[in-house]
Amino acid sequence: ELAQELAEELWGSGLPGDLPELEPECRSLLAAFAEGSAALTGCLGRRARPVRLCQGCSGHYRRLLGQYDSIARAVGNSSESHNCAKSILTSDRLQIVVTLSEFFNETWEAANCANCLKNNSEGLSNSTEEFLDLFNKSLTCFEHNLQGQAIDLSPNNYTEVCKNCNETYTKLNDLYNHLQRMNRQGGESAHSAHLCIDVEDAMNITRKLWSRTFNCSFPCSDTVPVIAVSSFILFLPVVFYLSSFLHSKQKKRILILPKRIQSNANLVNIQEKYS
Amino acid sequence: QLTPSSFLRIGQLSNVDLNEDIHELETEVPRQRPNEIPHNEKLLSLKYESLDYDNSENQLFLEEERRINHAAFRTVEIKRWVICAMIGILTGLVACFIDIVVENLAGLKYRVVKDNIDKFTAKGGLSFSLLLWATLNASVVMVGSLIVAFIEPVAAGSGIPQIKCYLNGVKIPHVVRLKTLVIKVCGVILSVVGGLAVGKEGPMIHSGSVIAAGISQGRSTSLKRDFKIFEYFRRDTEKRDFVSAGAAAGVSAAFGAPVGGVLFSLEEGASFWNQFLTWRIFFASMISTFTLNSVLSVYHGNAWDLSSPGLINFGRFDSEKMGYTIQEIPIFIFMGVVGGILGALFNALNYWLTMFRIRYIHRPCLQVVEAMLVAAVTATVGFVMIYCSRDCQPIQGSSVAYPLQLFCADGEYNSMATAFFNTPEKSVVNLFHDPPGSYNPMALGMFTLMYFFLACWTYGLTVSAGVFIPSLLIGAAWGRLFGISLSYLTKGSIWADPGKYALMGAAAQLGGIVRMTLSLTVIMMEATGNVTYGFPIMLVLMTAKIVGDYFVEGLYDMHIQLQSVPFLHWEAPVTSHSLTAREVMSTPVTCLRRIERVGTVVDILSDTSSNHNGFPVVESNPDTTQVAGLRGLILRSQLIVLLKHKVFVERANLSLVQRRLKLKDFRDAYPRFPPIQSIHVSQDERECMIDLSEFMNPSPYTVPQEASLPRVFKLFRALGLRHLVVVDNRNEVVGMVTRKDLARYRLGKEGLEELSLAQT
């Protein structure tokens, strides 16, 4: 609706003919861009939590890219000076169209959506589909196992969940780690070190549920052997220094008498200090 | 000549109080038997000799100069530039090699240990992970220590004290050999991979120096290869100039600080300096950092990016929060004070430890065992700290290389592991740049404390490793802690960014330990890439030095002293004007006549009780009974070359076709002249005569007997002399001043003290 309003305003505020006005073709291009960006903004906002950007908004984003491209490439029908790209993109200080498109591009880059889309960016990649499948499965598993005990939510009563969903969770976790490793090997630059935000966020939610809410990960702490081994190692240097102090022969230096006129007096002085 | 009155006069002038003096005069019995004492810091070792910086302007030299025309000297100048470029390139390449190998090996190690820990966290049995980590560290360090202890002990440590001595004019045996370079490079890689609290930056300076010394000679005596190039530079003077260029190139490659490198050479070897040399050294430095930068950027896959000018990059400090205001200056100065005190504490602890090591842990196998123990303990301390820490940080959005989960919730990592489970360089950069709140103050405090003792314990081990990075890390840790508490006190003001304080703390700690001034300021400035930090860094370093010097001296100076090196400081001790050359000099002097019997020369040279290197040459008039006037000075190395080529008067008469000796013959023997024992002189030849007038330096520097110690010192230090002849007013030789005669006077706690000579 917003885009509609915007477009109407543009149409409505038609200025007198003598002033340089936007070509009709350009005007329609601009309107299309406005509409597209409004749609994308809406999509991004609605899918902010839990993050589903890459799954839901990639179509909008691609369309917007196309619209921006057509503005940048459009030449208009008349002379060179009146082409759309120039009049829309660069004729004022604010350059709102450029700013908007930059914002969307940056957001898309930061979300790293390219990572979970297919190479031709149509649809999710196979590994992402697989991951999301598993993710949904684990969520369903959580729900199923919690239903019975929804009444009492004391933190210790989640053992059922932990037992029953362990398999799915482990699978999910392993798949995520695998994806991450693959990703690291493939790309060199800093951006591709991350998976796309949808996958990362999904994993994050699950992990939080698993280890914070359900308290399912209890690592085995074996403090006693660790203390024993470390105190043994820490004890070794003490033995070493003591034994080398007691058994090693102290290194002696042989003093040389310098050939000097007054050497005797000074040497006696020094020798007495150290004897 | 020695009257009782003169004795009394000397006794009064030397700096001991009068009562003791009388006591001494009474008990003045010359003790002849060798006296054994435990090692202490008030000794000068006989092992160290001076370098011959003074050019011997003998007949051969003049002949050569006449023969070489003007154009040839221009080629010599061009060759100097070529050599400097090669020094830069090779130093950069060596730095790249170290960096890449360390990165890969350390990465491999941490991955193995991390996988192991992850496995055992789930199943139990973390003590095995601890054992694995400790064993891995210890075995890697064992190899590193073995090669140093058994193959080349001079490669131990950071090498900066050794290079400082070399530039000062002391010949440290083996210090610029190719073998040392190889051991140094491998040793550094192994000790960093072995997880010791060390850095790879300091040894770069030594490596650069060895490269410089090697290239400028155009040959390697270790490999027995002579490339027949750069023969003109086979002299101590020329070599020293190139070594200072190499040291600068090393600093520049280590920190990405070309100007800092030049200033480092200036600060450490400043008594011999000229402007042309500065410009050449700067050239070598620039080439070095550029080479490192381009090769590393190609290696990291973004060629032409040129984003890694040094082995360590402090990262960029140009965000809004990183700026400082005038009000913060007093805070920085306070940090400088803290750094000075902590640095002095570090040095004092290390002093006791080093003394213990010299006295008791002198056998190579013990040294290796000690290094292994330190490596194992370092791993253990790290593990225990990580194990005990319950400080978890979300893994998302952080750039941790090896996140250890341990007892944290899934998706989080142990924040203590970022500090301990990483190479020290990475930890430093993390401390500078991690956003506020990444570190738990408690954990950081424990880390600082532990790392302080570990680093102190590690320095002085028989492994090649530097102290720069550990110092920076300690400083960055307490600096960050300081910053955190400051922002806590000020209720989170925007200006109290902990990263900035981490940087200042790092500077303060490093300054407090090594006490470098000008060069360190510039190095830090260049490493941060922020010129506005120059002022606070300078203030911090200045304060740290002043405060630290109040307690003990700098780490490098301390180690030089503990090695009993006859090091000449900038100036003679201030209260020494009453000492004259007569009291300082050694006497009597072994002189040679201008035309001397070969037998005498051989006997003098093979006398083991006096390993003199320079012999005054006196007039050989047989009719005069008294000591004849000084005519020149000849060096042991020259005599050996003469004996080797059998340049005897009789032989010259016998065979007129015999090739005349040239300066080249002396240069070819440089720098390892054969010992006198290896030269065979037959009984007949002993009776021959040898004419020294062509080969001796006809105008050696001399001083009168009455010259004061500071005057002698100035002449000696400024010209880089090795022998200074003391003459009376009839130009007769009465004594000889050498480096050890001057270096033995030192300003101690109770005024002027004198060091004694010792065999080590």
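Select chain A and switch on its surface: in this predicted model, chain A exposes about 16,300 Å², and 57% of that area is supplied by carbon and sulfur atoms. Of its 275 residues, 39% count as buried.

Now change to a cartoon view of chain A. You should find 10 helices and one strand. Walking from the N terminus, you pass the elements in the order α-α-α-α-α-α-α-α-α-β-α. If you like contact maps, take the contacts in chain A with a separation of 6 or more: residues 24 or more positions apart account for 65% of them.

**Across to chain B**

Stay with that strand for a moment. Which strand does E1 of chain A, residues 252-256, pair with? Its partner is E1 of chain B, in the antiparallel sense and over four bridges. Pick A:Lys252 and you will see B:Pro38 standing opposite, in E1(B).

Next, show the side chains of E1(B), residues 35-38, which alternate along the strand. B:Asn35 and B:Ile37 point to one face and are buried, while B:Glu36 and B:Pro38 point to the other and are not buried.

**Chain B as a whole**

Zoom out and select chain B, which holds 29 helices and 19 strands. With a radius of gyration of 29 Å, close to the 27 Å given by the globule rule for 760 residues, chain B is as compact as a globular protein of that length. Along the principal axes, its C-alpha atoms fill a box of roughly 100 × 65 × 50 Å.

Turn on the surface of chain B: about 30,600 Å² is exposed, with 62% of it from carbon and sulfur atoms. Buried residues make up 60% of the 760 in this chain. For contacts in chain B between residues at least 6 apart in sequence, 77% join residues at least 24 apart. Colour by charge and you have 68 positive and 66 negative side chains, with the centres of the two sets 5 Å apart.

**A three-stranded sheet and a cis bond**

Select E9, E11 and E12 of chain B. These make an open sheet in the order E9-E11-E12, with mixed pairing. The edge strands are E9 (592-593) and E12 (630-635), each of which pairs on one side only. Where E9(B) meets E11 (residues 614-618), the pairing is parallel over two bridges. To see one of the bridge partners, pick B:Leu592 and B:Val617, the latter in E11(B).

Then step back to the loop between helix H22 (581-584) and E9 of chain B, where B:Pro588 is found. The peptide bond from B:Thr587 to B:Pro588 is cis, with omega near -5 degrees.

**Two positive phi values**

Go to the loop between helix H18 (498-514) and helix H19 (518-528) of chain B and centre on B:Arg515. Phi of B:Arg515 is near 60 degrees, a positive value in a residue other than glycine. Is B:Arg515 buried or exposed? B:Arg515 is buried, with a relative accessible area of 6%.

Another such residue is B:Lys646, with a positive phi of about 50 degrees although it is not a glycine. Look for B:Lys646 in the loop between helix H24 (636-644) and helix H25 (649-654) of chain B. At 18% relative accessibility, B:Lys646 counts as buried, the cut-off being under 20%.

**Last stop: a hairpin**

Finish at E17 (residues 745-748) and E18 (residues 751-754) of chain B, which pair in the antiparallel sense over four bridges. These two strands form a hairpin with two residues between them. Select B:Leu747 and find B:Leu752 opposite, in E18(B).

Conventions:
Residues numbered from 1 in each chain as written. Chains lettered and ligands numbered in written order. Predicted model: local features only at pLDDT ≥ 70, side-chain atom pairs only at ≥ 80, totals over all residues. Heavy atoms only, no water. Rg over C-alpha atoms; globule rule 2.2 N^0.38 Å. Buried < 20%, exposed > 50% of the residue type's maximum accessible area, 1.4 Å probe, protein only. Contact = heavy atoms within 4.5 Å. Areas by Shrake-Rupley, 256 points an atom, 1.4 Å probe, with all protein chains shown as cover. Lys, Arg positive; Asp, Glu negative; His and termini not counted. Charge placed at Lys NZ, Arg CZ, Asp CG, Glu CD. Pairing = 2+ DSSP bridges.
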